[in-house]
Amino acid sequence: MLKAVLVDHHDSFTFNIKAWLKPRFNISVVDCSEVDKINALDFDLVIFSPGPKTPSDYPLSKNFLKSLPANKPVLGICLGMQMMNEIENGTVQAYYPPVHGKTSALMSDNNKFNNIQVARYHSLKCDMTNAFDILASSETIPMIVRHKNKNWLGLQFHPESFLTEQPELFLQSVVELCNR
Amino acid sequence: MQPLICFHEDRKFIHSTDYQLISCSDDQDTKSFLQAIEKNYAEKMKVVKLNFAALEKPSVHDTRRFYAKTPKAQVFVLNTFALLEQTQLENLYPEKPTSRPTYYPTVQESLFLENVQSIKEDICSGRFYQMNYTAALEAKAPKHYSQLDGFVHISKTVGSDYRAYLPLGPDESIHCLSPEMFLYKKGSRLTTQPIKGTLLSGSNISELQNSSKENAELSMIVDLLRNDLNTLSCDKYNDSSRVNFHRKIIDLKYTSHTYSEIEINTSKSFSEIIANTFPGGSISGCPKIESLKKIAEVENYHRDFYTGSIGWWQGEDFCLNVAIRSSYQKNNQLFYFTGCGIVFDSEPRKEWHEFLTKCSFLNLYLEYTSVVDTLEFNDGFTYLPEHIQRTYLALRDQMVQTDLQQIQSLYQKIEATKRTKLKTPHKVRLVFAKDLTYTAESTPLAATSQPVILQLIPFKQFLPRYKTIDRNVWNLILQNKKEAAHDVLIVNKQGNIVETSIYSVFYKKGDEFFTPPSSDGGMYSVFQAHHIKKGSITVDDRTYKLSERSLPASELPTVELYVGNSVRGLLKASLLF
């Protein structure tokens, strides 16, 4: 079993993420106000959870993410991915109309991801810097991104939602991240 | 002791008159209160009531008002009880209700729309995805009114499988007609069935099924409740929650909804389950914590028991509802509560419509009051399309199953009959029974151009939306009219002019005409609707631009006042001094 720590930004979906990763990960949940208590060396993976509001509303989480060594496997979901982008000087802006509790199909050169329906809960979107490769998108919004030099994976959609098809596929991607 | 009734299984009800009521005090921790009950009364049948904020810490700076104020958690420990069928309940309480209360919203349409707008802005800024916004209605209980009689005899007509009647004191009771199951636990299996998505009155079921907005509304809550059930995963079963079905239709008589089912196996106790899942996702919002903060900001009252839970509990098994579609009586005061889920694509006016739709089942408690329409006949009915529309809406408002086409052909038939009989202008008064049979009364119409003298009267309650034979409110108001005045001019709670007892109000300011918007509380007026749609009105052969605008009473000295209706047209008006 791999060990992961999840930084919780009060999204109300934290335990769904735990359930999604359960087959391969033991997960400890830490409140975003207490990230200073996390010793990243204790974990194979650090997860930055989705959450309300904007990345700049969580300076502690952003600083913690920034402080992690480049080879540390990190998964950012929704707000978590937006934090990654801001740290690399990308911008995050309002997305209108917001998409909440609806699905759309991934567009990807990778057959594995192409056409899979994924759940979306976001009112912000990332303009990615070239620090990231965009592996899949939907309606021109980056949906799966990977950092070019750091071991970071960002998902704009919610892999833990019951609306997302084949969640085990994305679990596999997270496991691969830890094996790199 | 006063009877207590609560849904149980197999369409039976728990009925008890021998119980002990244990309440959790404000300073006591709710979880430890429930743990103590768990320990001391494990095998006893219990009926539980948990308030919406039962697990919240009370805030010091709280100015919200209380309509209901009851202990945050209460448990009826039943010494004896019976499981009764609906018919057995009816035999036990044969008294049928003879009177019914008339409820008025405590929130004006304008404030409701403003709050929905502010919730939508927070959704756009990413604060939350969905919030359940609710409001209260109030009524004075009529003489000899009994919530119990209504509960026993009328509640069966609406699909409210999770209904309960709880006596809380000598003149205090909760009457809950919930169609929604919050948590059901049998052995290790725990299920929840959130309801979201509402069919508006007058719409087709496919509109609900095909709506991406209503779909998303329920999907978000399903994810939220999956999360809440996943917090109950335990070592013994190591289970994760699953969705058993999604978007089934539940047909209530006054509306339809969609609902889903989520399940997990858990060995957690009642108190732990409540502590992890309360308040329910479908009546708070998603994400839950931010939604709860916003609820405290925009709702001007404490929900108390409303949107909490009521249900039974015995051993490790229990079933709790979401305490919605509920009223509360204390002495002669009655309150009813209802609400809507607000998402990004909510249209404020549609949400207000939904709010009223969910109140409309209160109408099941009333006898049908015949709908009235008065028309001008002058070789045909004047403003016929608007009359048809209004009568249709008035009938739907009282849950008469009909459609626009049916009303249209009915009016055409009436018009044809009148053409053969009436050779001069007449006033025709139509009174419709529930089965759409009608009576028609015709009186010759004499031309009048006399200015109407009006007496200003402040009136804080809500006025009827549609014309029926029930003129009680108006008769009461007209008792205060002085003889020198022809009619009264109503000023609402906000100080705006509304209408007279038979006319809509129009006024000229500068070179334009205005008329108060319906949100100021007037009756649906054919004459007004016709001219608002047209955007103009003709006075003395001159046509003026017409738009909706409130008329504060303080502006009266600065405007030229007119009144009008579909029979008499537009007349000049003046105030009685």
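This is a short tour of a predicted model, going from the contact between chains A and B to a sheet in chain B.

**Before you start**

Colour chain B by confidence: its mean pLDDT is 91, and 97% of its residues reach 70 or more. For the complex, the predictor reports an ipTM of 0.96 and a pTM of 0.77.

**Stop 1: where the chains meet**

Select the residues at the contact between the two chains. You should have 29 residues from chain B and 25 residues from chain A. On the chain B side, show helix H3 (109–124), helix H6 (212–230) and helix H8 (288–298), the elements that give two or more residues to the side touching chain A. Which of them gives the most? That is H6(B), with ten residues. Now colour this side of chain B by residue class, and you will find 14 nonpolar, ten polar and five charged residues.

**Stop 2: one helix across another**

Keep H6(B) on screen and add helix H1 of chain A, residues 14–21. The axes of these two helices lie 7 Å apart, and the angle between them is about 70 degrees. Angles of 65 to 115 degrees count as roughly perpendicular, so H1(A) is roughly perpendicular to H6(B).

Next, show the side chains at this crossing. From H1(A), pick Thr14(A), Phe15(A), Asn16(A), Lys18(A) and Ala19(A). From H6(B), pick Asp223(B), Arg226(B), Asn227(B) and Asn230(B). How do the residues of this contact divide by class? Two are nonpolar, four are polar and three are charged.

**Stop 3: a sheet in chain B**

Leave the contact and move along chain B to strands E21, E22 and E23. Together they form an open sheet in that order, with antiparallel pairing. Select 371–377 for E21(B) and 438–444 for E23(B): these are the edge strands, each pairing on one side only. Look along the sheet and you can follow a twist that averages 20 degrees from one strand to the next.

Now zoom in on E21(B) and its partner E22(B), residues 426–432, which pair in the antiparallel sense over seven bridges. A handy pair to label here is Val372(B) and, opposite it in E22(B), Val431(B).

**Stop 4: the helix on the sheet**

With the sheet still in view, add helix H10 of chain B, residues 384–397. H10(B) packs on the sheet and touches E21 and E22 of chain B. To finish, compare directions: that of H10(B) makes about 175 degrees with that of E21(B).

Definitions and conventions
Residues numbered from 1 in each chain as written. Chains lettered and ligands numbered in written order. Predicted model: local features only at pLDDT ≥ 70, side-chain atom pairs only at ≥ 80, totals over all residues. pLDDT = per-residue confidence, 0-100. Contact = placed C-beta atoms within 7 Å. Helix = DSSP H or I, 4+ residues; strand = E, 2+ residues; numbered from the N terminus. Nonpolar A, V, L, I, M, F, W, Y, C, P; charged D, E, K, R; others polar. Axes fitted to C-alpha atoms, helices over the stretch in contact; angles between N-to-C directions. Parallel < 35°, antiparallel > 145°, perpendicular 65-115°, else oblique. Pairing = 2+ DSSP bridges.
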